[in-house]
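Me: I should like to learn how to read a protein model. May we go through one together?

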Amino acid sequence: MQITVGATRDQKQRLVAEITRSLVDILGKKPEHTHIIIQEIEEENWGYFGMLTDEFRARER
């Protein structure tokens, strides 16, 4: 999973738990065989809507 930088450890833990639960419930995966990788990307390295995310967010403020 890729997200922009800024999520707290607690938020990331909750994401891992929810994604794992969904994979178990929907696909029948075993939780012990499920690996979730969180890759945090700086906003200046993520493009969105034809511009870099940090620029997009600055315009939205």
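The dialogue below takes up fold, burial and aromatic rings in turn.

Me: What should I know about the model beforehand?

Reply: This is a predicted model, in which local features need pLDDT of at least 70, side-chain atom pairs count only at pLDDT 80 or more, and totals for chains, interfaces and linings use all residues. Residues are numbered from 1 along each chain as its sequence is written, and side-chain values use heavy atoms, with hydrogens and water left out.

Me: How many helices and strands does the protein chain have?

Reply: Helices (H or I, at least four residues) and strands (E, at least two) are DSSP runs, numbered from the N terminus. The protein chain has two helices and four strands, in the order β-α-β-β-β-α from the N terminus.

Me: What share of the residues is buried?

Reply: Buried means under 20% relative accessible area, exposed over 50%, and partly exposed in between (1.4 Å probe, protein chains only). Of the 61 residues in the protein chain, 15% are buried.

Me: How many aromatic pairs does the structure hold?

Reply: Rings of Phe, Tyr and Trp (its six-membered ring) pair if their centres lie within 6.5 Å; planes under 30 degrees apart count as stacked, over 60 as edge-to-face and the rest as tilted. The structure holds three aromatic pairs. The rings of Tyr-48 and Phe-49 have centres 6.2 Å apart and planes at 35°, so this pair is tilted.

Me: Is Phe-56 buried or exposed?

Reply: Phe-56 is buried, at 18% relative accessibility, whereas Phe-49 is exposed at 65%. Tyr-48, Phe-49 and Phe-56 form one aromatic cluster.
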